[in-house]
Amino acid sequence: MLSPYQIYSIFTIIGAVCGAMLWLGYFKRIDALERERTINICIAFIVGFLTPDIALWFSKGLKAKGMGFNGEFFNDFFFSILGVGVTEEFSKLVGVVIVFFLLKKRINEPLDYLIFGGVVALGFSVRENFIYYYNYGAQLITGRTFISCLVHIINTSIAVYGIYRASIFNKGNTYLNAFIGISTAIVSHGVFDFFLTQPLIGSLTPFLSSIVYLLGINFWIQMINNCINFSLAICSPND
């Protein structure tokens, strides 16, 4: 017979997996011009699932140096950005670089960059969610499945969009675009986490995270639409 804790853990895992499957299905179907192969989506997800090890390694190094949250406003604010934001976004970008190298022949249209970058971020988020579920319980499953996953996807997409904006759309300077994209992703990530965890204005503080979240969704939708429209323009028989 399974113990109550084992049953509890099983339902937690099932919930996390179901949430991930919904997002994977979305990424597989969003590209109407050329559906991505399931094996390629799985490769990107697995690579992303492994990337939290990089973030954990950096986090241990920061803790060893005495750096972390201590309840002070400015310390926690800057650590949210320079500690959490930099560490996690860098870790995901390492995964993105690996996936883009492994699947370079499959990334042949603008939307592919956001799809595979988003799947890497999803893998990172699912692994991170398991850690949170194990430490704090399954009561976090709804919020982390539908909010945390999308936050990671959005921020990684912003970074990837910035890095490849010049080469895809021939707009702006390559290095400046990359700097703006990566910096925006890091700051967005850090500020979201800071507002979510710090009682800046009491119980209303999480609403500030909601503003960051909604702004991120708006940017993400615009990026996706830009990539789709550019792909359609390339494939148009009138061109």
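1. Let's start with the second largest pocket. Helices α6, α7 (174–197) and α8 (205–235) each supply at least two residues of its lining. Bear in mind throughout that this is a predicted model. The space in this pocket comes to about 250 Å³.

2. Who lines that second largest pocket? The residues are I158, Y161, G162, R165, N177, I180, G181, T184, F219, Q222, M223 and N226. By character, the lining of the second largest pocket splits into five nonpolar residues, six polar and one charged. Arg counts as charged and Gly as polar, so R165 is the charged residue in the lining and G162 goes with the polar group.

3. On to the rings. The model has 19 aromatic pairs in total. One of them is F73 with F74, with 5.0 Å between the ring centres and 90° between the planes. Why is the F73–F74 pair called edge-to-face? Because planes over 60 degrees apart count as edge-to-face, and here the angle is 90°.

4. How accessible are these two phenylalanines? F73 has a relative accessible area of 40%, so it is partly exposed. F74 reaches 58% relative accessibility and therefore counts as exposed, the cut-off being over 50%. Both F73 and F74 belong to an aromatic cluster, together with F77, F78, F194 and F195.

5. Now have a look at Y113 and Y164. Their ring centres are 4.5 Å apart and the planes sit at 35°, so this pair is tilted. The two tyrosines link distant parts of the chain, 51 residues apart: Y113 is in helix α5 (residues 110–136), whereas Y164 is in helix α6 (residues 141–169). Y164 is partly exposed, with a relative accessibility of 24%.

6. Two charged side chains are also worth finding in the viewer. K92 lies over the face of F124, 5.8 Å from the ring centre. R127 does likewise with F49, at 5.6 Å from the centre of that ring.

7. K92 turns up again when you look at I54. The two are 38 residues apart in sequence, yet 8.8 Å apart in space from C-alpha to C-alpha. I54 is found in helix α3 (residues 52–64). Which residues does I54 contact, leaving aside its neighbours within four places in sequence? They are S91 and V94.

8. Is I54 buried or exposed? Neither label fits: its relative accessible area is 24%, and buried would need a value under 20%, so I54 is put down as partly exposed.

Note on methods. Residues numbered from 1 in each chain as written. Predicted model: local features only at pLDDT ≥ 70, side-chain atom pairs only at ≥ 80, totals over all residues. Heavy atoms only, no water. Phe/Tyr/Trp six-rings, centres within 6.5 Å; stacked < 30°, edge-to-face > 60°. Buried < 20%, exposed > 50% of the residue type's maximum accessible area, 1.4 Å probe, protein only. Helix = DSSP H or I, 4+ residues; strand = E, 2+ residues; numbered from the N terminus. Lys NZ or Arg CZ within 6 Å of the ring centre and 35° of its normal. Contact = heavy atoms within 4.5 Å. 1 Å grid on protein atoms, 1.4 Å probe; cavity = no way out; pocket = protein on both sides within 12 Å on 5 of 7 lines; lining within 4 Å. Points joined across faces, edges and corners; volume = space filled by probe spheres on them.
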